[in-house]
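Reader: Hello! I would love a close look at a single part of this protein. Could you walk me through the open sheet and what surrounds it?

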Amino acid sequence: MSGNSFGKLFTVTSFGESHGPALGCIIDGCPPGLELSEADMQRDLDRRKPGTSRHTTQRREADEVRILSGVFEGKTTGTPIGLLIENTDQRSKDYSKISEQFRPAHADYTYMHKYGVRDYRGGGRSSARETAMRVAAGAVARKFLEQRLGIRIRGYLSQLGPIKAEKLDWDQVHQNPFFCPDADKVPEMEAYMDALRKEGDSIGARINVVADGVPPGLGEPIFDRLDADLAHALMSINAVKGVEIGAGFDCIDQKGTEHRDEMMPEGFLSNNAGGVLGGISSGQPILASIALKPTSSLRLSGRSIDVNGDPCEVITTGRHDPCVGIRATPIAEAMMAIVLMDHYLRHRGQNADVSVSTPVIGQLWRGRPPKKRP
């Protein structure tokens, strides 16, 4: 199976299935000398892991990561970093009834046509469980970027189904199970999810991610634009069906005089571009949003076909997130960190000696990203 690696200089290759013995990844290209331990990755893994609240899947996985290589005496050596997380709470029997059926809106049907075989236990490789390794790898990139460049990457849930956050208070994001920045909306989200869980249905969500402190100059101007690679990375997350950079689709009804981010010696007056101009970072915050579809695995009956093409009714048993977006914030943060890390190393390799007299300007706009939603 190809397509399991991401990045050019900072490369992440993952392996493993939802109900296999373990998940793992190889990080290649991490510079030497970075202090690194399992604890550096465990914080973000604990934010993503299942079973942390009644609103997520009740599969109980510790998601304890082990460093197998690439670190000596507490520091990276510059050689490939091997990471492993063992699966400890699989219930493969929950999926025996769908071994010859295709779940609607899931990857079962397409995996069968591509490979002629599929691991029906929890979706196998197509399961969102694979994203645990992305979070671990992203934590390595995040630590390097923060220590060496002062880059800070943060995300939050801005919408759960019909409920939209109206405030952006970063201090609230980690005070509730939704990563919601608006404390006033949390009780409404809890009641909504309790009702949804009783129905046996699922719902989608929107996640916003912001990277502050990104220097200007990262990104390539044509095919490997910073925003294009970021969109690629974010779209590769399970269940993501839409990506916006900066103002995104809101730019459709903006006039040019409103959309353009005017500049003054003191800084930019707005950030509709999301911190990227011509595929290259401008020095402003990088702003991205993702839309995640409702969970496909449902205990409510749905029409489908079996492996012989005959009609059937499918009911998915087992443990599933009624809203995959609830645990997606650390995953989106990780993918942004991996993209920025890769492009920083690429920029350093080609343009380390570039020097210009034009000053780096900051931003004059304040508050939340320039969108109609927070």
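Author: Happy to help; here is a tour of the sheet, followed by a helix that links to it and two loop residues. Keep in mind that this is a predicted model.

The sheet is an open one built from five strands, in the order 9-8-10-16-11, with antiparallel pairing. Its edges are strand 9 (163-164) and strand 11 (240-245), each of which pairs on one side only. Let us step inside. Strand 8 (residues 152-160) and strand 10 (residues 205-212) run antiparallel and are joined by eight bridges. If you want a place to put your finger, pick Y156: its bridge partner in strand 10 is N208.

Now look at what lies across these strands. Helix 7 lies over strand 8, strand 10 and strand 16 (286-292), and runs at about 140° to strand 8. Helix 7 (329-351) also meets helix 1, whose buried residues pack against it as well as against strand 4 (65-69), strand 7 (81-86) and helix 3 (131-149). Those buried residues of helix 1 (residues 38-48) are M41, Q42, D44, L45, R47 and R48.

Back at strand 9, follow the loop between this edge strand and helix 4 (186-199), and you will find F179. F179 is not a glycine, yet its phi is positive, at about 60°. Its relative accessible area is 7%, so F179 counts as buried, the cut-off being under 20%.

E73, in the loop between strand 5 (71-72) and strand 6 (75-76), makes a nice companion to look at. E73 also has a positive phi without being glycine, near 55°. With a relative accessible area of 71%, however, E73 is exposed.

Key: Residues are numbered from 1 along each chain as its sequence is written. This is a predicted model: local features need pLDDT of at least 70, side-chain atom pairs count only at pLDDT 80 or more; totals for chains, interfaces and linings use all residues. Side-chain values use heavy atoms; hydrogens and water are left out. Buried means under 20% relative accessible area, exposed over 50%, partly exposed in between (1.4 Å probe, protein chains only). Helices (H or I, at least four residues) and strands (E, at least two) are DSSP runs, numbered from the N terminus. Contact means heavy atoms within 4.5 Å. Two strands pair if DSSP finds at least two bridges between them. Axes are lines fitted to C-alpha atoms, for helices over the stretch in contact, and angles run from 0 to 180 degrees between N-to-C directions.
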